[in-house]
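Visitor: I'd love a close look at one part of this protein. Could you take me slowly through the place where two of its helices meet, and through what lies around it?

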Amino acid sequence: MEGLSERAYAEHARISRGAVQKARKTGRLVLFADGSINAAASDARRGAATDPDQQMRSRGGFGAANDGPTVSGSGDSSSYIKARTALTVYQAQERQLSIQKKKGVLVDRTRAETLVFRLARQERDLWVTWPTRVAALMAAQLSADMEKASGKAVTIETATLQRVLETHVREQLDALADLRVSLE
C-alpha cells in the first residue's frame with residue numbers, strides 16, 4: 001500500500017472517517033492506483049475545495065488544545081475568515097441602521113434637507129410680509145402714545161413706518177441667508 005487508509009487519513013487530517021468517505025465520493029481526495037490516499041495531495045485539494053468555516057465546524061470549531069480556530073490544508077483560509085468577518089460586521093451595521101430607521105431615530109437625509117429648506121422658506125415669507133401687516137397698527141399705537149406723552153396731536157405715516165420696517169427686516173433676512181445647515 002503506497003498511501004494511507006481511510007482510517008489513517010482521518011486521524012492524519014483530524015476529521016471523522018465519514019468525512020473522509022464523503023470527501024472520497026466528491027473527489028476531494030487524491031488516490032494512488034491501489035486505492036490508498038495520497039495524504040499531501042489530498043490535504044491540498046481538500047483545503048482548496050472545502051469551505052474553511054465548514055472544516056472548523058466539523059472539528060468542533062477549535063484545535064486540539066482549544067486555543068482558537070484552526071484550519072488544516074494549504075488553502076488561504078485567513079482571507080476567507082477576514083472576508084466572512086467583514087460580511088458579518090456589515091450585516092450587523094445594516095441591521096442596526098434598519099432598527100434605528102424603524103424607531104424614528106434615523107431619518108432620510110434628502111427628506112430632512114427638503115423639510116429644513118421648506119421651513120426656512122416659510123419663515124422667510126412670513127417675515128417679508130410682516131411689515132405690511134403691522135405697519136398701520138404700529139403707526140396708530142405710536143401716534144397715540146406720543147400724543148398722550150406730549151399732549152399734542154402727532155401723526156406717523158404708515159407708509160414711512162412700513163418702509164423703515166421693511167429695510168430692517170430685509171437686512172436681518174440677508175444676515176440669516178448666510179447661515180448654512182450641516183446635517184453631517
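Guide: Happy to; what follows goes from the helix pair to the pocket, and then to how far the model can be trusted. Please keep in mind that this is a predicted model.

Let's start with the pair itself. Two packed helices are described by the angle between their axes and the distance between the axes. Here the partners are helix 6 (109–150) and helix 7 (158–177). Their axes come within 8 Å and cross at roughly 145 degrees, and the crossing is right-handed. By class, 14 nonpolar, three polar and three charged residues make up this contact. On the helix 6 side you will find, among them, Trp127, Trp130, Pro131, Met138 and Leu142. Across from that side, helix 7 brings residues including Leu161, Leu165, Val169 and Leu173, along with Gln162, Glu166 and Arg170.

Now for the pocket. Helix 6 and helix 7 each supply at least two residues to the lining of the largest pocket, which has a volume of about 710 Å³. The lining has 20 residues, and Ala120, Arg121, Leu176, Ala177 and Leu179 are the closest to the centre of the pocket. Helix 6 gives the most, with 10 residues. If you sort the lining by class, you get 11 nonpolar residues, one polar and eight charged.

Finally, a word on confidence. The chain averages a pLDDT of 84, and 85% of the residues score at least 70. Over residues 63–67, though, the pLDDT is below 50, and this stretch has two contacts beyond near neighbours in sequence. Residues 69–74 also stay under 50, while the model gives them 21 contacts beyond four places in sequence. Where pLDDT is low, the predicted coordinates should not be read in detail.

Methods
Residues are numbered from 1 along each chain as its sequence is written. This is a predicted model: local features need pLDDT of at least 70, side-chain atom pairs count only at pLDDT 80 or more; totals for chains, interfaces and linings use all residues. Side-chain values use heavy atoms; hydrogens and water are left out. On a 1 Å grid over the protein atoms alone, a cavity is a set of points where a 1.4 Å probe fits but cannot get out, and a pocket is an open set with protein on both sides within 12 Å along at least five of seven lines; lining residues have an atom within 4 Å of a point. Grid points are joined across faces, edges and corners, and a volume is the space filled by probe spheres set on the points. Helices (H or I, at least four residues) and strands (E, at least two) are DSSP runs, numbered from the N terminus. Ala, Val, Leu, Ile, Met, Phe, Trp, Tyr, Cys and Pro count as nonpolar, Asp, Glu, Lys and Arg as charged, and the others, Gly among them, as polar. pLDDT is the predictor's confidence in each residue, from 0 to 100. Contact means heavy atoms within 4.5 Å. Axes are lines fitted to C-alpha atoms, for helices over the stretch in contact, and angles run from 0 to 180 degrees between N-to-C directions. A crossing is left-handed if the near helix is turned anticlockwise from the far one by less than a right angle, and right-handed if clockwise.
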